[in-house]
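This report looks at charged side chains that pair up and at nonpolar side chains that gather together. Please keep the sequence and the three-dimensional view at hand while reading.

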Amino acid sequence: KNFPDSVKSAKAQIDSERAAQSLCKLNITFSVVFSLSPKKVQTDTTHEVHTALDFWSQCLAGRRLRGEQRLAFWKKISEASMARVAAERQQRKAAKADAKAKQRRLLQAAQRAMKATEPNKPNSSGARKMMQRRWGVPELPTGIHEVYPLIGDGAEDPCDNGITRCLAAVLGDGTIFGPPRLRLGAARADLEELREIQRTRGED
């Protein structure tokens, strides 16, 4: 194998061995050392092996340069590596922020779904009309609850046509519940099935 393939193969093997042992990936960084006789300099460190190999191939192209040409070549390579590493750092930061936001939305959705303990009881004509438009009945039957289990744009929107509003069959204190449904008939069928299971096997 040539040098780039050997580096990539070694990194892949490390990741594979740690994954097989259920260990997280090592936080490995890479940089390329460039000789400016009598001293040595190096590129900015990167977490991406392919980026480091790009730096290596660029430095390799200037290995025969000497004097001022070599200094000018290094300055160009150094500035390019700093810009690329900074861009990668911003991408990692944005990815972490997105992952945290997704976890937050998932947690909020799970909390909304688990809060369904009593069927909605509209206490105004406007609320009853809205329920009629939404589900075809002015009031949800006992054991059928509105839940908000889905994630996506509009998940926090309480408006009438929110895309994440669903129905679910719920028994007892809310510890036994069916899957989210978009139709009242499907939720009713789930409720009957849950009640039958409860009758034949007991609530546990």
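Two residues are said to be in contact when heavy atoms of one lie within 4.5 Å of heavy atoms of the other. The model shown here is predicted. With residues up to four places away in sequence left out, Trp-135 touches Leu-140, Glu-146, Arg-165, Cys-166, Leu-167, Leu-182 and Leu-184.

**The nonpolar cores**

Trp-135 is also one of the twelve residues of the largest nonpolar core, whose members include Met-131, Val-137, Leu-140, Ile-144, Leu-167 and Leu-184. Two or more residues of this core come from each of the elements α4, β4 (166–171) and α5 (184–201), and α5 gives the largest share, with four residues. Apart from this core lies another one, made of ten residues, among them Leu-36, Phe-73, Ile-77 and Val-85.

**The salt bridges**

How many salt bridges does a search of the whole structure find? The search finds eight, and three of the pairs are set out below with the distance between nitrogen and oxygen.

| Pair | N to O distance |
|---|---|
| Arg-128 and Glu-139 | 3.5 Å |
| Arg-134 and Glu-146 | 2.7 Å |
| Arg-181 and Asp-190 | 2.6 Å |

The pair of Arg-128 and Glu-139 links distant parts of the chain, since Arg-128 belongs to helix α4 (residues 125–135) while Glu-139 sits in the loop between α4 and β3 (144–147), eleven residues apart. Arg-128 counts as partly exposed because its relative accessibility is 34%, and Glu-139, with a relative accessible area of 30%, is partly exposed as well.

Arg-134 and Glu-146 form a salt bridge that also links distant parts of the chain, with Arg-134 in helix α4 and Glu-146 in strand β3, twelve residues apart. Are these two residues buried or exposed? Both Arg-134 and Glu-146 are buried, and Glu-146 has already appeared above among the residues that Trp-135 touches.

In the pair of Arg-181 and Asp-190, whose side chains meet in a salt bridge, the two partners fall into separate classes of accessibility. Arg-181 has a relative accessible area of 30% and is therefore partly exposed, whereas Asp-190 is buried because its relative accessible area is 9%, and buried means under 20%.

Salt bridges can also join residues into a network, and here Asp-54, Arg-84 and Glu-88 are linked in this way.

Notes. Residues numbered from 1 in each chain as written. Predicted model: local features only at pLDDT ≥ 70, side-chain atom pairs only at ≥ 80, totals over all residues. Heavy atoms only, no water. Salt bridge = Lys/Arg side-chain N within 4 Å of Asp/Glu carboxyl O. Buried < 20%, exposed > 50% of the residue type's maximum accessible area, 1.4 Å probe, protein only. Core = buried A, V, L, I, M, F, W, Y, C linked by side-chain atoms within 4.5 Å.
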